[in-house]
Amino acid sequence: METRLEYAPMWLGLSKVGIITALINTNLRKETLIHSICTSSTKAVIVSTELLDALREIIDDEEISKMEIFVYDNQANGMEMINDKNVNLHRELEKTSAD
């Protein structure tokens, strides 16, 4: 996820529930992106729609294709699918309680 308003609260919220985040440079592509994701022992990826093309380039990689992908879109319904493990994060966040 690139630098945007939602980035900090998402990172802090993940930390609060015990998730350790790996912050990966948004300029990485192809082999270097695969390497960064795999060496960080990532189980899931959060990506914004602006960076979706970089993930599409590597989605056929054996390790990447196994991961759950959370796509953050500013709109709850306009998301393209990458694979069968896509989750529209905006839609899921709208369903949660404010508590």
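**Figure 1. Arg 4, ahead of the first helix in this predicted model.** Buried here means a relative accessible area under 20%. Arg 4 comes in at 16%, so this arginine counts as buried. Look for Arg 4 in the segment before H1. The side chain has a polar partner too: Arg 4 and Glu 50 are joined, side chain to side chain, by a polar contact of 3.0 Å.

**Figure 2. The whole fold, for getting your bearings before the other close-ups.** Starting at the N terminus, the elements go α-α-β-α-α-β-β-α, which gives 5 helices and 3 strands for the protein. Of the 99 residues, 32% are buried. If you take the contacts between residues at least 6 apart in sequence, 43% of them link residues at least 24 apart. About 6,700 Å² of the protein is exposed, and carbon and sulfur atoms account for 53% of that area.

**Figure 3. How confident is the predictor, and where?** Mean pLDDT over the protein is 85, with 89% of the residues scoring at least 70. Helix H2, residues 30-39, has the highest confidence, at a mean of 95. At the other end is helix H5, residues 89-95, where the mean is lowest, at 80. Keep H2 in mind, since Lys 30 in the next view belongs to that helix.

**Figure 4. Two residues with positive phi, Lys 30 and Ser 41.** Neither one is a glycine: Lys 30 has a phi of about 50°, and Ser 41 has a phi of about 55°. Where do they sit? Lys 30 is in helix H2, while Ser 41 is in the loop between H2 and E1. Exposed or partly exposed? The cut-off for exposed is over 50% relative accessible area. Lys 30 has 45%, so this lysine is partly exposed, and Ser 41 has 57%, so this serine is exposed.

**Figure 5. Thr 42 and the residues around its side chain.** Thr 42 also belongs to the loop between H2 and strand E1 (44-48). Which residues does the Thr 42 side chain meet through polar atoms? One is Ser 40, whose side chain makes a polar contact of 2.5 Å with that of Thr 42. Another is Ile 37, whose backbone oxygen is 3.1 Å from a polar atom of the Thr 42 side chain. Skip the neighbours within four places in sequence, and Thr 42 is in contact with Ile 37 and Met 67.

**Figure 6. The largest pocket and what lines it.** This pocket holds about 1,100 Å³ of space. Its lining takes in 38 residues. Nearest the centre are Leu 14, Ala 22, Ala 44, Val 45 and Ile 46. Which element gives the most to the lining? That would be H1, with 6 residues. Helix H1 (7-16), H2, E1, helix H3 (52-56), strand E2 (68-72) and H5 each put in at least two residues. So the list of contributors includes H2, the helix with the highest mean confidence, and H5, the helix with the lowest.

How values were computed:
Residues numbered from 1 in each chain as written. Heavy atoms only, no water. pLDDT = per-residue confidence, 0-100. Helix = DSSP H or I, 4+ residues; strand = E, 2+ residues; numbered from the N terminus. Buried < 20%, exposed > 50% of the residue type's maximum accessible area, 1.4 Å probe, protein only. Contact = heavy atoms within 4.5 Å. Areas by Shrake-Rupley, 256 points an atom, 1.4 Å probe, with all protein chains shown as cover. Polar contact = N/O pair within 3.5 Å; in protein donor to acceptor, adjacent residues only side chain to side chain. 1 Å grid on protein atoms, 1.4 Å probe; cavity = no way out; pocket = protein on both sides within 12 Å on 5 of 7 lines; lining within 4 Å. Points joined across faces, edges and corners; volume = space filled by probe spheres on them.
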